[in-house]
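Visitor: I am new to this structure and would like a close look at a single part, the second helix, together with whatever is linked to that helix. Please take your time over the answer.

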Amino acid sequence: MRDELRTKIIQVCDKKIAVKGDNVGLSFYAFFANKNDDPELLMEAATWWIQTHQLDHFVKARIIKTMIENNL
(Lines give C-alpha, C1' and ligand atoms only; values in the text may rest on other atoms or scores of the structure.)
Protein backbone atom coordinates (compact mmCIF):
# COMPACT_ATOMS: atom_id res chain seq x y z
CA MET A 1 0.00 0.00 0.00
CA ARG A 2 1.38 3.39 -0.90
CA ASP A 3 2.39 5.82 1.83
CA GLU A 4 -0.19 8.37 0.69
CA LEU A 5 -3.01 5.94 1.47
CA ARG A 6 -1.47 4.80 4.77
CA THR A 7 -1.22 8.41 5.92
CA LYS A 8 -4.78 9.15 4.87
CA ILE A 9 -6.14 6.08 6.68
CA ILE A 10 -4.36 6.98 9.94
CA GLN A 11 -5.60 10.58 9.74
CA VAL A 12 -9.21 9.50 9.15
CA CYS A 13 -9.04 6.92 11.94
CA ASP A 14 -7.61 9.50 14.36
CA LYS A 15 -10.33 12.00 13.45
CA LYS A 16 -13.17 9.46 13.79
CA ILE A 17 -11.83 8.22 17.14
CA ALA A 18 -11.46 11.79 18.44
CA VAL A 19 -15.04 12.67 17.47
CA LYS A 20 -16.93 9.45 18.17
CA GLY A 21 -14.76 7.52 20.61
CA ASP A 22 -12.64 4.40 20.66
CA ASN A 23 -15.40 2.05 19.50
CA VAL A 24 -16.24 3.86 16.27
CA GLY A 25 -16.45 1.61 13.23
CA LEU A 26 -15.80 2.53 9.63
CA SER A 27 -15.58 1.06 6.16
CA PHE A 28 -12.91 1.68 3.55
CA TYR A 29 -15.28 4.21 1.94
CA ALA A 30 -14.55 6.52 4.90
CA PHE A 31 -11.20 7.36 3.33
CA PHE A 32 -12.71 8.86 0.17
CA ALA A 33 -15.01 11.66 -0.93
CA ASN A 34 -18.50 10.81 -2.12
CA LYS A 35 -17.33 11.07 -5.71
CA ASN A 36 -14.93 8.70 -7.36
CA ASP A 37 -12.05 11.13 -7.85
CA ASP A 38 -9.21 8.60 -7.50
CA PRO A 39 -10.36 5.15 -8.67
CA GLU A 40 -6.89 3.57 -8.42
CA LEU A 41 -6.48 4.59 -4.78
CA LEU A 42 -10.03 3.44 -4.01
CA MET A 43 -9.33 0.04 -5.55
CA GLU A 44 -6.07 -0.21 -3.62
CA ALA A 45 -7.95 0.37 -0.35
CA ALA A 46 -10.72 -2.04 -1.35
CA THR A 47 -8.22 -4.75 -2.29
CA TRP A 48 -6.37 -4.36 1.02
CA TRP A 49 -9.64 -4.39 2.99
CA ILE A 50 -11.61 -7.08 1.12
CA GLN A 51 -9.17 -9.41 -0.62
CA THR A 52 -6.02 -9.18 1.47
CA HIS A 53 -7.53 -9.11 4.95
CA GLN A 54 -11.12 -10.26 4.33
CA LEU A 55 -12.46 -7.68 6.76
CA ASP A 56 -16.14 -7.13 7.50
CA HIS A 57 -17.82 -4.08 6.01
CA PHE A 58 -17.43 -2.11 9.26
CA VAL A 59 -14.34 -2.49 11.45
CA LYS A 60 -13.26 -0.51 14.51
CA ALA A 61 -11.10 2.45 13.49
CA ARG A 62 -8.57 1.61 16.22
CA ILE A 63 -8.10 -1.87 14.70
CA ILE A 64 -7.56 -0.49 11.18
CA LYS A 65 -5.11 2.10 12.51
CA THR A 66 -3.12 -0.58 14.35
CA MET A 67 -3.02 -2.77 11.24
CA ILE A 68 -1.72 0.12 9.12
CA GLU A 69 0.87 1.12 11.72
CA ASN A 70 2.09 -2.50 11.79
CA ASN A 71 2.39 -2.59 7.98
CA LEU A 72 -0.21 -5.32 7.57
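Guide: What follows starts with the helix itself and then moves outward to its surroundings and to the charged side chains.

The model is a predicted one, in which local features need pLDDT of at least 70 and side-chain atom pairs count only at pLDDT 80 or more, while totals for chains, interfaces and linings use all residues. Residues are numbered from 1 along each chain as its sequence is written, and side-chain values use heavy atoms, with hydrogens and water left out.

Helices (H or I, at least four residues) and strands (E, at least two) are DSSP runs, numbered from the N terminus. Helix H2 has 14 residues and spans 18 Å from its first C-alpha to its last, which is close to the 20 Å expected at 1.5 Å a residue; that expected span is 1.5 Å times one less than the number of residues. Centred on Ala46 there is a kink of about 25° in H2, where the bend at a residue is the angle between axes fitted to the seven residues ending there and the seven starting there. After H2 comes Gln54, with a positive phi near 50°.

Several residues of H2 are buried, namely Leu41, Leu42, Ala45, Ala46, Trp48 and Trp49; buried means under 20% relative accessible area, exposed means over 50%, and partly exposed lies in between (1.4 Å probe, protein chains only). The cover over these buried residues includes H1, strand E1 (25–26), strand E2 (59–60) and H3.

Phe32, in the loop between E1 and H2, counts as buried because its relative accessibility is 14%. Leaving aside neighbours within four places in sequence, Phe32 is in contact (heavy atoms within 4.5 Å) with Leu5, Lys8, Leu41, Leu42 and Ala45. Between Phe32 and Leu42, which are ten residues apart in sequence, the C-alpha to C-alpha separation is 7.3 Å.

H2 also takes part in a salt bridge, a term that stands for a side-chain nitrogen of Lys or Arg within 4 Å of a carboxyl oxygen of Asp or Glu. The count by this rule is four. One of these joins the side chains of Glu44 and Arg2, at 2.6 Å from N to O. Because Glu44 lies in helix H2 (residues 39–52) and Arg2 in the segment before H1, this pair ties together parts that are 42 residues apart in sequence. Arg2 is partly exposed, with a relative accessible area of 32%.

Two of the elements that help to cover H2, namely H1 and H3, have a link of their own. Lys65 and Asp14 meet through their side chains in a salt bridge of 2.5 Å, N to O. Since Lys65 lies in helix H3 (residues 61–69) and Asp14 in helix H1, the pair ties together parts that are 51 residues apart in sequence. Asp14 is partly exposed, at a relative accessible area of 33%. Lys65 also forms a salt bridge with Glu69, the closest N and O atoms being 3.9 Å apart, and both of these residues lie in H3, four residues apart, about one turn of the helix. Through shared partners, salt bridges join Asp14, Lys65 and Glu69 into one network.
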